[in-house]
Amino acid sequence: MRDERRIIVVEEDTKSNEGLATAFGIVFVVVMGIALFDRGLTMAWAAVVGWFN
(Lines give C-alpha, C1' and ligand atoms only; values in the text may rest on other atoms or scores of the structure.)
Protein backbone atom coordinates (compact mmCIF):
# COMPACT_ATOMS: atom_id res chain seq x y z
CA MET A 1 0.00 0.00 0.00
CA ARG A 2 1.26 3.43 -0.94
CA ASP A 3 0.52 6.52 1.05
CA GLU A 4 -0.60 9.16 -1.45
CA ARG A 5 -1.10 11.98 1.07
CA ARG A 6 0.76 15.19 0.36
CA ILE A 7 3.18 16.62 2.86
CA ILE A 8 2.78 20.36 3.41
CA VAL A 9 5.90 22.18 4.57
CA VAL A 10 5.46 25.72 5.86
CA GLU A 11 8.59 27.78 5.59
CA GLU A 12 8.89 30.83 7.81
CA ASP A 13 9.93 34.00 6.04
CA THR A 14 12.15 35.79 8.56
CA LYS A 15 12.55 38.83 6.34
CA SER A 16 8.84 39.57 6.28
CA ASN A 17 8.95 41.24 9.71
CA GLU A 18 12.36 42.82 9.27
CA GLY A 19 11.05 46.08 7.82
CA LEU A 20 8.41 46.42 10.52
CA ALA A 21 10.99 45.85 13.25
CA THR A 22 13.23 48.51 11.73
CA ALA A 23 10.37 51.02 11.59
CA PHE A 24 9.38 50.41 15.21
CA GLY A 25 13.05 50.61 16.24
CA ILE A 26 13.42 54.00 14.59
CA VAL A 27 10.21 55.25 16.21
CA PHE A 28 11.43 54.02 19.61
CA VAL A 29 14.80 55.78 19.26
CA VAL A 30 13.15 59.04 18.16
CA VAL A 31 10.65 58.99 21.03
CA MET A 32 13.41 58.23 23.56
CA GLY A 33 15.50 61.08 22.14
CA ILE A 34 12.59 63.50 22.52
CA ALA A 35 12.01 62.25 26.08
CA LEU A 36 15.66 62.78 27.03
CA PHE A 37 15.66 66.24 25.47
CA ASP A 38 12.50 67.13 27.38
CA ARG A 39 14.00 65.79 30.61
CA GLY A 40 17.10 67.94 30.06
CA LEU A 41 15.00 71.06 29.51
CA THR A 42 12.94 70.28 32.61
CA MET A 43 16.05 69.90 34.76
CA ALA A 44 17.56 73.10 33.31
CA TRP A 45 14.33 74.99 34.02
CA ALA A 46 14.30 73.73 37.62
CA ALA A 47 17.94 74.83 38.05
CA VAL A 48 17.23 78.32 36.69
CA VAL A 49 14.15 78.70 38.90
CA GLY A 50 16.25 77.56 41.87
CA TRP A 51 18.82 80.29 41.20
CA PHE A 52 16.18 83.01 41.40
CA ASN A 53 14.42 81.75 44.52
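# Notebook: one helix, two salt bridges

**Entry 1: the start of the chain.** I looked at R2 first and found its side chain meeting that of E4 in a salt bridge, with 3.5 Å from N to O. This is a predicted model, so I note every value as computed. I then checked the surroundings of the pair. R2 is exposed, and E4 is exposed too.

**Entry 2: a second pair.** How many salt bridges does a search of the whole structure find? It finds two. I had one already, so I went for the other. D3 and R5 join their side chains in a salt bridge, at 2.9 Å from N to O. Are D3 and R5 buried or exposed? D3 has 52% relative accessibility, and the cut-off for exposed is over 50%, so D3 counts as exposed. R5 has 68% relative accessibility and therefore also counts as exposed.

**Entry 3: charges.** I counted charged side chains next. The chain has 5 positive and 7 negative ones. I also looked up the centres of the two sets, which lie 4 Å apart.

**Entry 4: helix and overall form.** What does the chain have in the way of helices and strands? I found one helix and zero strands. The radius of gyration is 27 Å, while the globule rule gives 10 Å for 53 residues, so the chain is more spread out than a compact globule. I then took the box filled by the C-alpha atoms. Along the principal axes, the box is roughly 95 × 15 × 5 Å.

**Entry 5: surface.** What share of the 53 residues counts as buried? The share is 0%. The accessible surface of the chain comes to about 5800 Å². Carbon and sulfur atoms hold 66% of that surface.

**Entry 6: a nonpolar patch.** I searched the surface for nonpolar side chains that group together. I26, V30 and I34 form such a patch. Together they have about 290 Å² of accessible area. I picked I26 for a closer look. I26 sits in helix α1, which covers residues 18–52. Its relative accessible area is 51%, and exposed means over 50%, so I26 counts as exposed.

**Entry 7: A44.** My last stop was A44, which also lies in helix α1. Why is A44 called partly exposed? Its relative accessibility is 39%, and partly exposed runs between the 20% and 50% cut-offs, so A44 falls in that class. I then took a distance from A44 to S16. The two are 28 residues apart in sequence. In space they are 44 Å apart, C-alpha to C-alpha.

Technical notes. Residues numbered from 1 in each chain as written. Predicted model: local features only at pLDDT ≥ 70, side-chain atom pairs only at ≥ 80, totals over all residues. Heavy atoms only, no water. Helix = DSSP H or I, 4+ residues; strand = E, 2+ residues; numbered from the N terminus. Rg over C-alpha atoms; globule rule 2.2 N^0.38 Å. Buried < 20%, exposed > 50% of the residue type's maximum accessible area, 1.4 Å probe, protein only. Areas by Shrake-Rupley, 256 points an atom, 1.4 Å probe, with all protein chains shown as cover. Lys, Arg positive; Asp, Glu negative; His and termini not counted. Charge placed at Lys NZ, Arg CZ, Asp CG, Glu CD. Patch = residues over 30% accessible without salt bridge, like charges linked within 9 Å, V, L, I, M, F, W, Y side chains within 5 Å. Salt bridge = Lys/Arg side-chain N within 4 Å of Asp/Glu carboxyl O.
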